[in-house]
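Grab a coffee and work through these exercises with the structure open beside you. Try each task before reading its solution.

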Amino acid sequence: MSQPLSDAALDQLFRTARTYNGYLDQPVSEAQLHGIWDLMKMGPTSANILPARLVWCVSQDAKDKLAALAGGTNPDKIRKAPVTVIIGMDLDFHEQLPWLFPHADAKAWFDGNEPLREISAMRNSSLQGAYFLLAARALGLDTGPMSGFDNAGVDAAFFADQPRVRSNFISTLGYGDPATVFDRSPRPGFETFNRID
Ligand SMILES: Cc1cc2nc3c(=O)[nH]c(=O)nc-3n(C[C@H](O)[C@H](O)[C@H](O)COP(=O)(O)O)c2cc1C
């Protein structure tokens, strides 16, 4: 039977983990990117649809291209981070279901139903984005998720050859510089946004 994680692990994943706006000058290896994927891919998605399609922007060219499509203070963060990942979603994820969900004809549930595919892709790629954040933290890395960018522009720049893939959100990745975090915003207690019926 599983046991609760240690306080140190819970701190690293949640309680002291932060959103970073800048990173230490410490590289992130390709093996670490694989390590993140190998953890995050195990998080559940409905019918194992796994709609997320990730582009890991490691080269300065890729980061500059992405930064040019971001707003506010985001471009500088993207350019300077060791890695910035685009979490995209495949609206035709159902084409993969014969091998991803072999127990049933799940492809048929989505065939010809674009609205169901859109909401399923958004819901489940967002979940996968959250698994990404936690997998990175679990491996000792830090992240800075962002939605302040031109989605259509990013789709044209990064998914031109995959027209059924759309960007969901992006995130910087690296070893966070503690000097770059904002003051912690309030996190309300249970009674504020919860109810037990
Ligand atoms: C989906 C998503 C989109 C976000 N978009 C932006 C953004 O465009 N620009 C930005 O500076 N921060 C962005 N943030 C960062 C949030 O403001 C930050 O994660 C939140 O305030 C919690 O900060 P903390 O983890 O340090 O407590 C985004 C976070 C998430 C999860």
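**Exercise 1. The ligand and its shell**

How far does a backbone N or O atom of Gly148 lie from an oxygen atom of the ligand? Once you have that, work out what else surrounds the ligand.

*Solution.* Keep in mind that this is a predicted model.

Step 1: Start at Gly148, where a backbone N or O atom sits 2.9 Å from a ligand oxygen atom. With the protein in place, 62% of the 630 Å² that the ligand exposes when taken alone gets buried.

Step 2: Look for other polar partners. Arg18 uses its side chain: one of its polar atoms is 2.8 Å from an oxygen atom of the ligand. Pro145 uses its backbone, with an N or O atom 3.1 Å from a nitrogen atom of the ligand.

Step 3: Fill in the shell. Besides Arg18, Pro145 and Gly148, the ligand is surrounded by Thr19, Asn74, Lys77, Met146, Ser147, Arg184 and Arg187.

Step 4: Map the shell onto the fold. Helix H4 (74-80) supplies at least two of these residues, and so does strand E3.

**Exercise 2. The sheet and its helices**

Trace the sheet strand by strand, then find the helices that pack on it.

*Solution.* Step 1: Get the order. Four strands make an open sheet, arranged E1-E2-E4-E3 with antiparallel pairing. E1 and E3 (142-146) are the edge strands, each pairing on one side only. From one strand to the next, the twist averages 25°.

Step 2: Zoom in on one pair. E1 and E2 (residues 83-90) run antiparallel and are joined by six bridges. If you want a landmark, Ala52 stands opposite Met89 in E2.

Step 3: Add the helices. H3 (residues 60-67) lies across E1, E2 and E4 (165-174), at about 65° to E2. H8 (residues 151-158) also packs on the sheet: it touches E1, E2 and E4, and its direction makes about 90° with that of E4.

**Exercise 3. Two odd backbone angles**

Which residues in the loop between H2 and E1 have a positive phi although they are not glycines? Decide whether each is buried or exposed.

*Solution.* Step 1: Find the loop. Ala47 lies between helix H2 (30-40) and strand E1 (52-57), and Leu50 is in the loop between H2 and E1 too.

Step 2: Read the angles. Ala47 has a phi of about 50°, and for Leu50 the value is about 40°. Both are positive, and neither residue is a glycine.

Step 3: Check the accessibility against the cut-off, which is under 20% for buried. Ala47 has 19% relative accessibility, so it counts as buried. Leu50 comes in at 13%, so it counts as buried as well.

**Exercise 4. A buried asparagine**

Where is Asn124 found, and which residues does it contact beyond its neighbours within four places in sequence?

*Solution.* Step 1: Place the residue. Asn124 is in helix H7 (residues 114-138). For a sense of scale, its C-alpha atom is 21 Å from that of Ala138, 14 residues apart along the chain.

Step 2: Decide on burial. Asn124 has a relative accessible area of 2%, so it is buried.

Step 3: List the contacts. Leaving those sequence neighbours aside, Asn124 is in contact with Thr45, Ser46, Ile49 and Pro51.

Step 4: Pick out the polar pair. A polar atom of the Asn124 side chain lies 2.9 Å from the backbone nitrogen of Ser46.

Technical notes
Residues numbered from 1 in each chain as written. Predicted model: local features only at pLDDT ≥ 70, side-chain atom pairs only at ≥ 80, totals over all residues. Heavy atoms only, no water. Buried < 20%, exposed > 50% of the residue type's maximum accessible area, 1.4 Å probe, protein only. Pairing = 2+ DSSP bridges. Axes fitted to C-alpha atoms, helices over the stretch in contact; angles between N-to-C directions. Contact = heavy atoms within 4.5 Å. Near = heavy atom within 4 Å. Polar contact = N/O pair within 3.5 Å; in protein donor to acceptor, adjacent residues only side chain to side chain. Areas by Shrake-Rupley, 256 points an atom, 1.4 Å probe, with all protein chains shown as cover.
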